[in-house]
Structure formats: C-alpha cells, structure tokens
Amino acid sequence: SDSDVDLGTTGVRWKDAYIDSITCTDQITATGFTGTLDGILGSGAAAAATVTTLAAGGDVTIANGYGLVVGHTAQVTVTGVAPEFQMLGTGFADSFLCVGRWSDDATPPFIGAVKSRHATIGSLEIVEDGDGVLDIVGYIDDGADLASDVARIRFIVDDATPAENQTGGAIIFNTATVTGSTGTEAMRIDSSQKVGIGNADPESILHVQGSNNPRGGGWDGGIELEASSGQYSSMFFSNQGAAQYGGIVWVTDTSGDVAANRLGDIYMVPSNSDTDGDMIFRTNTAVGTSASSEKMRITHDGNVIFGVNGTGADVTSYSTTSGKKLFWDASAHSGNGELVVTDGTRITLGTGSDAQMYYDGDDLTINPRSVGSGNLHLYGNVFVNETTNANMTLGLTINQGGNDDEILALKSSD
C-alpha cells in the first residue's frame, strides 16, 4: 500500500523490473549483473542512466578484476592496459583529485601505497632489495597512443637485508629526453640519504656525475652557480665545530673516502685558537700510493707561504714571516725551494714597473731603470766567483782563479 518493496534476508531476483527508488540500509550485491540500474535514488525509471546522488551507509566493495570509472562511460587504455580505477574529465574540476582532512591537530591527509611479495591479497611476505613500492608517472598523448611517459617518481626498497620495521628505501626521479619514449633516471635519494645526480650509487651527500668534459665545451658534469643581474653567486662552507674545516677535494674515479686517491684539495683550517683561518693548497705526487700534502698556504694575516710541511711541522715559521707577503720554506722539501722562471721571462718590480730582472739563457740582467730613473743598491758583501771572504766585513771580492784576464774593467761610452 506504501508503494515500497521490502526485500528480506533470503534475497529477491527480478528481471525487467522498473523501480522508482531504492533505500538500502545494508548492501546491494550484484553478482554477474550485466544490465543497468536507472535512476538509483534519482528521478525515476524513465530517466537516463545517471545517478544524481549515491549515498552509501556502509562499505562499497568492487571485486578484484572489476573497475570504477568516474567521468566517462568506459575505461581508457593507458600504456597498453586499462586501469581499473579511472577519473576522467575535460576541465580542471573534473580532473582534480582531492584528498582532505578536517581534524584539530597537525596531521595531514595521507596517500599511501603497499608492496608485498605474497601473491594473495591480504597475506604477508617480505619484500626484496630493489622492489618497486610506488610509481607516480606522467603519461602523454603523442598522437599515436597514451604509452609514452615524460617523467616518473619511483619509490623502491633500497636494503640488501630488509627486516621487520627495519627496511631502507630510495626515491628515484626519472625524466625523458626529447628523443626518448620513456624516462630514465636523473636523480635519486638513497637509503643513506645521499643524493645522486647522474649517479645511481652516490658516495657523498651530493654526488654529481656527467659524461661531458667542461674543458671540451660540455657542462653536464659540472655545477653552475648563476646570480641574478646585479647580484653575486656564492658557495658557502659551514662547520658545526670551530675546530673543523671545509674545502674542495679532487679525487680519482674509484676513490671513495681513501686519502691516497686524492689528487689535491683546497681547504680552510682554523688557527690562533680558532679565531682566524688559513687557506691551504695540497697536491699529490703519487696518487694511489700516498696522500696529498701541503704545497702552499695563505695565512690569515695575508702571508703567502710555499713549501710548508703537510704535517704542519713548520707552523712555527709563521712567526718569522711577520711583515712579509711571500715566504719560501724549502726545509720540508730537501732544499728544493727554487723559484723557476723560463728564459726571457721578466720579473717586474715596482708600482710603476720601474725595475726588471730577467735571464735570456746566457746573461742575467738586472735593470733598475727599465722605465723610470733609479739606482742599483747593493748592501753587504758582493762575491764574484767566490762564496766567502772571512777577512772582509763589507766590500767586493773577485776570485780570478788561474786566469790572466782582467779582474775588474771600467768602461766609458765616451
């Protein structure tokens, strides 16, 4: 009499039934159903096959192998398969997937993925190293199909011995080149939280690897810092402790953290109870056998020191360099403290380049009047073909030896 059809617990089967509305407090199970339910909670049997409002008071279950399509009448094939859940649209709102959370706390909404090695849904079997956990992929229409991806973020297991509550993971970022149909790895963050760009097994906090040589015009093996117009690009090295130091280290390809594989390094070290800093330059003359050693230092007070012992044993010599800007220390290198200048190269002295000294391969010329006017002043003893003269306190000593040529010749241009 009330136009309602009451369905008991034993179930009812019907065919070609026209129902104006269904109110279900439990669930509707359609097994093998191939027809359509027109106007469920809608406007009646004559309406189109649409649902204006679908209110579910309990769980909605779709069996494995079946799908749900929102916004279209059928599933769309993407990368060769028809994904079971699809949300398809033609505008911003109907292609906008939103997950929200309203709660009086700091907890955000959550999107998760699960990976198990077990073949039965709901059963457990531990994952293995390298297993993919989640892929977020951007596929595009290339005019032929929807199979090409331009970028991908992949979460993987990065742990040789995964265990309960103790499994490491990595995130891989892929991008496609302009000639590629699928993305390749560009960057990853591994389980030790090291970042590799162009390298799938980073050895440092940031490991950048490229295939081109910057000296040959390629740049994909370098890091470029470019500031905006009027600004300055910078690279900062900071340490938590005052006794620490930071620097730039050059190593061989197979180095890892092995001192003998360091080609050279430039770094800052604290001095004077950590209130000042010195810049140290080190090179390696036997890569693979020994560590790099200090060859030059610029001290905190502006002195430049060459030949400093890499162990720091000559640090006491700094006190003897007060007021000097260039200091040669050959004591740590068996007396090899020469300054080598090639033939014909001029050493220019003076603010106005007034004086010069050079060796042309035969003669050594000292010219105090190369540009301006000036004199050559010699203070102390002068020895010609001699190294010492105990009887002379100030003067000129010329050792003629067994030769009969002139000891001293004076010549005038007049």
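# Exercises on a predicted all-strand chain

Buried residues make up 14% of the 414 residues in the chain. The model is predicted, and the exercises below work through its confidence, its surface and its salt bridges.

**Exercise 1. State how many helices and strands the chain has, and describe its surface and contacts.**

Solution.
- Step 1: The chain contains zero helices and 19 strands.
- Step 2: About 31,600 Å² of the chain is exposed, and carbon and sulfur atoms supply 52% of that area.
- Step 3: Take the contacts between residues at least 6 apart in sequence; 17% of these join residues at least 24 apart.

**Exercise 2. Find where confidence in the chain is highest and where it is lowest among the elements.**

Solution.
- Step 1: Start with the whole chain, where pLDDT averages 76 and 68% of the residues score at least 70.
- Step 2: Strand E5, residues 169-175, has the highest confidence, at 96.
- Step 3: Strand E14, residues 326-328, has the lowest, at a mean of 59.
- Step 4: Look also at two stretches of low pLDDT. Over residues 31-51 the value stays under 50, and the model has 19 contacts beyond four places in sequence for them. Over residues 309-322 pLDDT likewise stays under 50, with 20 such contacts.

**Exercise 3. Locate Val-287 and decide whether it is buried, partly exposed or exposed.**

Solution.
- Step 1: Val-287 sits in the loop between strand E11 (276-283) and strand E12 (293-298).
- Step 2: Its relative accessibility is 34%. Buried means under 20% and exposed means over 50%, so Val-287 counts as partly exposed.
- Step 3: Val-287 belongs to a nonpolar patch on the surface, whose members include Trp-250, Phe-237 and Met-235. Together the patch residues have about 1,100 Å² of accessible area.

**Exercise 4. Describe the pair Asp-278 and Arg-297: which strands hold the two residues, and what joins their side chains?**

Solution.
- Step 1: The side chains of Asp-278 and Arg-297 form a salt bridge, at 3.3 Å from N to O.
- Step 2: Asp-278 lies in strand E11 and Arg-297 in strand E12, so the pair ties together parts that are 19 residues apart in sequence.
- Step 3: The two side chains also make a polar contact, at 3.3 Å.
- Step 4: Asp-278 has a relative accessible area of 1%, so this residue is buried. Arg-297 is buried too.

**Exercise 5. For the salt bridge between Asp-131 and Arg-117, give the distance and the exposure of each partner.**

Solution.
- Step 1: The N to O distance in this salt bridge is 2.6 Å.
- Step 2: Both residues are in the loop between strand E2 (85-87) and strand E3 (132-140), 14 residues apart.
- Step 3: Asp-131 has 7% relative accessibility and therefore counts as buried.
- Step 4: Arg-117 has 36% and therefore counts as partly exposed.

**Exercise 6. Repeat the analysis for Glu-185 and Arg-188, then place the salt bridges in the whole structure.**

Solution.
- Step 1: Glu-185 and Arg-188 form a salt bridge in which the closest N and O atoms are 2.7 Å apart.
- Step 2: Glu-185, with a relative accessible area of 31%, is partly exposed, whereas Arg-188, at 12%, is buried.
- Step 3: A search of the whole structure finds 10 salt bridges.
- Step 4: A network of salt bridges links Asp-135, Asp-149, Arg-152 and Arg-154.

Note on methods
Residues are numbered from 1 along each chain as its sequence is written. This is a predicted model: local features need pLDDT of at least 70, side-chain atom pairs count only at pLDDT 80 or more; totals for chains, interfaces and linings use all residues. Side-chain values use heavy atoms; hydrogens and water are left out. Patches are made of residues with over 30% relative accessible area and no salt bridge: like charges are joined within 9 Å, nonpolar side chains (Val, Leu, Ile, Met, Phe, Trp, Tyr) within 5 Å. Accessible areas come from the Shrake-Rupley method with a 1.4 Å probe; for residues, only the protein chains shown count as cover. A salt bridge is a side-chain nitrogen of Lys or Arg within 4 Å of a carboxyl oxygen of Asp or Glu. Helices (H or I, at least four residues) and strands (E, at least two) are DSSP runs, numbered from the N terminus. Buried means under 20% relative accessible area, exposed over 50%, partly exposed in between (1.4 Å probe, protein chains only). A polar contact is a pair of N or O atoms within 3.5 Å; within protein, one must be able to donate a hydrogen and the other to accept it, and residues adjacent in sequence count only if both atoms are side-chain atoms. pLDDT is the predictor's confidence in each residue, from 0 to 100. Contact means heavy atoms within 4.5 Å.
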